[in-house]
Amino acid sequence: DARRHTVNYDIPSFPKTPQKDIQVNVDYGFMNEDPLRNDTMYFKFTLRDVAGNQSDTVTTKPVVAKQD
């Protein structure tokens, strides 16, 4: 069952720059998945400035949440 989840985060203002590193911490619990099964996911990020311009989309490599 491939489910999609969308989460919007407000990020602090930063100076105009063509490149910026941003760290996002995601609480796995918000996805309400089975805690007894491994889960593979990936994340897509875009930014939108105050004028409404949207950045290119950045997609992570697959991330595996392993259950012990």
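**Group meeting: surface and aromatic rings of a small all-strand model**

Okay, let's start with the outside: the protein exposes about 6800 Å², and carbon and sulfur atoms supply 48% of that. Keep in mind that this is a predicted model. Its mean pLDDT is 80, with 87% of the residues at 70 or more.

So, what is it built from? There are zero helices and four strands, running β-β-β-β from the N terminus on. Among these elements, E1 has the lowest mean pLDDT, 83, and strand E3, residues 58–59, has the highest, 91. And a word of caution: where pLDDT is low, don't read the predicted coordinates in detail.

How much of the chain is buried? Of the 68 residues, 6% count as buried. As for contacts between residues at least 6 apart in sequence, 37% of them join residues at least 24 apart.

Now back to the surface. There's a nonpolar patch of about 790 Å² there, and its members include Val-7, Tyr-9, Phe-14, Phe-45 and Val-58. Let's pick out Phe-14. You'll find Phe-14 in the segment before strand E1, which covers 39–41. Phe-14 counts as partly exposed, because its relative accessibility is 35%.

Phe-45 is in that patch too, and it takes us to the rings. How many aromatic pairs are there? The count comes to one. That pair is Phe-43 with Phe-45: the ring centres are 6.5 Å apart and the planes sit at 25°, so the pair is stacked. Are the two partners buried or exposed? In between, actually: Phe-43 is partly exposed at 21% relative accessible area, and Phe-45 is partly exposed at 35%.

Key. Residues numbered from 1 in each chain as written. Predicted model: local features only at pLDDT ≥ 70, side-chain atom pairs only at ≥ 80, totals over all residues. Heavy atoms only, no water. Patch = residues over 30% accessible without salt bridge, like charges linked within 9 Å, V, L, I, M, F, W, Y side chains within 5 Å. Areas by Shrake-Rupley, 256 points an atom, 1.4 Å probe, with all protein chains shown as cover. Salt bridge = Lys/Arg side-chain N within 4 Å of Asp/Glu carboxyl O. Helix = DSSP H or I, 4+ residues; strand = E, 2+ residues; numbered from the N terminus. Buried < 20%, exposed > 50% of the residue type's maximum accessible area, 1.4 Å probe, protein only. pLDDT = per-residue confidence, 0-100. Phe/Tyr/Trp six-rings, centres within 6.5 Å; stacked < 30°, edge-to-face > 60°. Contact = heavy atoms within 4.5 Å.
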